[in-house]
Amino acid sequence: MPVTASRTVAVIGAGAAGLAAARELVLQGHSVVVYERETQLGGTWAYTPERESDPMGLDPMRQIVHSSLYASLRTNLPREVMSFRAFPFSASRKPGRDARRFPGHAEVLEYLKDFADEFRLRDLVRFGSEVSHVRMMEDHKWIVRSRKNESGDVYDAVVVCNGHHTEPRIAEIPAWNFDCRSHLKHSGIDEWPGKQIHSHNYRVPEPYRDQIVVLIGSAASASDISRDIAEVAKEVHIASRSVQIQELGNISGHENIWLHSMISYVRKDGTVAFKDGNEVCANVILHCTGYKYHFPFLETNGIVTVDDNRVGPLYKHVFPPALAPWLSFVGLPWKVVPFPMFEYQCKWIAGVLSGQISLPTINEMMADVEGYYSLMEASGIAKRYTHRVGDHQFEYNDWLAGQTGSPPTEEWREPMYLVASRKKRSAPETYRDEWEDEDLIALAHRDFEKFVS
Ligand code: FAD
């Protein structure tokens, strides 16, 4: 590969990842087209009150609504931590902007728009262009077809940035046939008479007024949505796989929210029974159970597969060894701080495509992937957690920084993230408005000054 080659690159998606990819690719002299299904940029952060026709998001024929945000959503990370490294997410003084440290979703969208404007990325985006088919041709170029251009355009490389918070994962609710204690017949979820919805289609609490709601899940959105709904609902019962015995029962400060272990079974009469022995007759089950990776447009002849939410094989969650560097994925790791990680991944992709950075051989990359899978297996970690980088995220980012010759994670970002994460767990009601890490904030702002002209 010649040094500093310029490539033609298709980026799929104009969310935060696609914008970061466009910026880094342009910086490296590549020629970029960003395909975006929606008519605006921002991906997840472009809130819409619209919901899908199938509230569970299972019908393959449904009209997809991309964003999973609810109206009341505020970020669950401080803005300094969320920030792209090269474009501070500082409180804007412009009228109408949200200056809170944990701002509402509209402020994040404005920030992404500012990012696109600052780096002149909008002109690269083909809005309203849903990619329908991507395939490598015999000459190793890629053809990218969209609903607007069925015949397609040809590129040297494709960077997939289509997000992974749109295709719902649903909790399996067991169907028991017979309860020998009560001699009652139990039915499966299909016979349960209440309404079911996935959090992807949750927007506002009003439809749950005076209802008894069972909410499955324990992640950040489950915590937020349960409190949102409890403002109007009669009762909210959270079923969680990870709950400790001492946490079971009424949640302090909320007389109508209870924490339970997982659902054991449901009955035709509307009953939802929990493994902790409690039962409620509920109107709604709300699945806050996460999402699946989904690449309906991508044809790789089986080289890249999604198996139990493992996208693989991928070298460092980015490059499929056999197709590297011509196909890459941005943003697959989860339980992470996404924006700065996108920057690191995209810098790496852009540098490899231009020939400035070398990848190991295919065999070496495959051996690395196999080693990672073996380590997971030996540690008893299920396949579906392949991309849960979580505790290793800063190490991962610093590895990427090393590849690209970029500075590693700033000294304040990881401790600030850890402080915020602890506070989120210990004080879910107040962590967004009360904090004590002023020293870290000051360090962050000192760093940000480098980027403010
Ligand atoms: P997305 O934002 O989903 O963007 C993907 C883009 O691809 C979309 O614009 C979509 O329209 C487009 N697309 C998809 N398919 C196609 C196709 N076939 N053709 C063309 N375009 C396509 N992160 C934080 O940092 N802080 C938070 O507080 C936070 N809170 C969150 C709360 C919720 C409820 C959720 C769901 C996520 C939250 N996140 C948060 C994570 C968030 O997902 C990331 O911040 C980030 O927005 C992900 O960006 P992305 O570009 O990978 O994906």
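**Two domains, one ligand shell: a quick tour**

Hi everyone, let's start with how the protein chain is divided: the domain assignment gives domain 1, covering 8-167 + 291-451, and domain 2, covering 189-287. Please keep in mind that this is a predicted model.

How far apart are the centres of domain 1 and domain 2? Taken over C-alpha atoms, the separation is 31 Å. The two domains do touch, with 15 residues from domain 1 and 15 residues from domain 2 taking part in the contact. On the side of domain 1 that touches domain 2, you'll find seven nonpolar, five polar and three charged residues.

Now for the ligand, which I suspect is what many of you came for. There are 32 residues around the ligand, and those that come nearest are Gly13, Gly15, Ala17, Gly43 and Gly163. By character, the shell splits into 14 nonpolar, 14 polar and four charged residues. Which helices supply at least two residues each to this shell? They are α1, residues 16-27, and α5, residues 338-354. Of everything contributing to the shell, α1 gives the most, with three residues.

Let's stay with α1 and look at the strands on either side of it in the chain. Strand β1, residues 8-12, pairs with strand β2, residues 31-35, in the parallel sense, and five bridges link them. If you'd like a pair to click on, valine 9 has valine 32 in β2 as its bridge partner. The chain goes from β1 through α1 to β2, and this β-α-β crossover is right-handed. So that helix has two roles in our picture: α1 sits within the crossover, and α1 also supplies three residues to the ligand shell.

Moving along, β2 has another parallel partner in strand β3, residues 125-126, and two bridges join them. Here you can look for tyrosine 35, which stands opposite arginine 126 in β3.

Last stop: alanine 222, a residue in helix α4, which spans residues 220-230. Is alanine 222 buried or exposed? It counts as buried because 21 other C-beta atoms lie within 10 Å, and the cut-off for that label is 20 or more. Who are its contacts once we leave aside the neighbours within four places in sequence? Alanine 222 is then in contact with Leu215, Gly217, Ile238 and Cys288. And one distance for anyone following along on screen: the C-alpha atoms of alanine 222 and serine 240 are 9.6 Å apart, with those positions 18 residues apart along the chain counted as their separation.

That's my tour, thanks for listening!

Technical notes. Residues numbered from 1 in each chain as written. Predicted model: local features only at pLDDT ≥ 70, side-chain atom pairs only at ≥ 80, totals over all residues. Domains from an automatic or database assignment. Contact = placed C-beta atoms within 7 Å. Nonpolar A, V, L, I, M, F, W, Y, C, P; charged D, E, K, R; others polar. Near = placed C-beta within 6 Å. Helix = DSSP H or I, 4+ residues; strand = E, 2+ residues; numbered from the N terminus. Pairing = 2+ DSSP bridges. Right-handed = clockwise from strand over helix to strand, strands pointing away. Buried ≥ 20, exposed ≤ 12 C-beta atoms within 10 Å, placed from the backbone.
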